[in-house]
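Dear colleague,

I am handing over the structure below, together with some notes on how its strands are arranged. Please read the notes with the coordinates open beside them.

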Amino acid sequence: MRDVPMKGQFYRDVRGSVFEIVAAAENAQTGDQMVVYRDFFDEEKVYVRQLENFLAPVNKIKYPNCDQEFQFERTNRPKVVRVDPALMQFLDADTYAQKLRIFVSVEHRLTDDMINTMAVSLDTEVPQGDLEERADSLKRFLSTQARFEVER
């Protein structure tokens, strides 16, 4: 029998998605052993599966081209940088007014890295210093740009 997945380990499924093990659990009604895991790239998606199914071999009829031996196989933590979804919205926004609204909505959790990324995307400089002062500087820039923005 294969090792039971443990909290913090990473597994790749037959489709190539990566998951982090959240916990081992027991179904209160049936006593079945369960695995609780979450999508590494979307923390909002949490799944539960019977341990037996989690450790099962790949159905080669359903997945004839799959190179994996098992439905879920242990893998290393993906080497990716997680980007705040709000930062992605900011970068994708079409107008300064939209960018300003997004900025204000995340102002309470801004980091220096987020401010730097936003500033670079706007082709402006925000001087180094206190985080609050840097945020105010970028907010003033966005407000000014939004005020004079004209749709063409």
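How many bridges join β2 to strand β3, and in which sense do the two strands run? In this predicted model, β2 and β3 (residues 33–39) run antiparallel and are joined by 7 bridges, with A25 standing opposite M34 in β3. The hairpin that these two strands form has 6 residues between them, and within that hairpin G31 takes a positive phi near 80°.

On the other side of the hairpin pairings, strand β1 (residues 10–13) is joined to strand β2 (residues 18–26) by 3 bridges, and this pair likewise runs antiparallel. Here R12 stands opposite V18 in β2, while the hairpin of β1 and β2 has 4 residues between the strands and includes G16, whose phi is positive, near 95°.

R12 also has a bridge partner in β5, namely E73, and the pairing of β1 with β5 is antiparallel and extends over 4 bridges.

Taken together, the strands make up an open sheet of 5 strands in the order β4-β3-β2-β1-β5, with antiparallel pairing. The edges are occupied by β4 (42–50) and β5 (72–75), each of which has a single partner strand, so one side of each is left without a neighbour in the sheet. Neighbouring strands of this sheet are turned against each other by 40° on average, with direction ignored.

With best regards

How values were computed. Residues are numbered from 1 along each chain as its sequence is written. This is a predicted model: local features need pLDDT of at least 70, side-chain atom pairs count only at pLDDT 80 or more; totals for chains, interfaces and linings use all residues. Side-chain values use heavy atoms; hydrogens and water are left out. Two strands pair if DSSP finds at least two bridges between them. Axes are lines fitted to C-alpha atoms, for helices over the stretch in contact, and angles run from 0 to 180 degrees between N-to-C directions.
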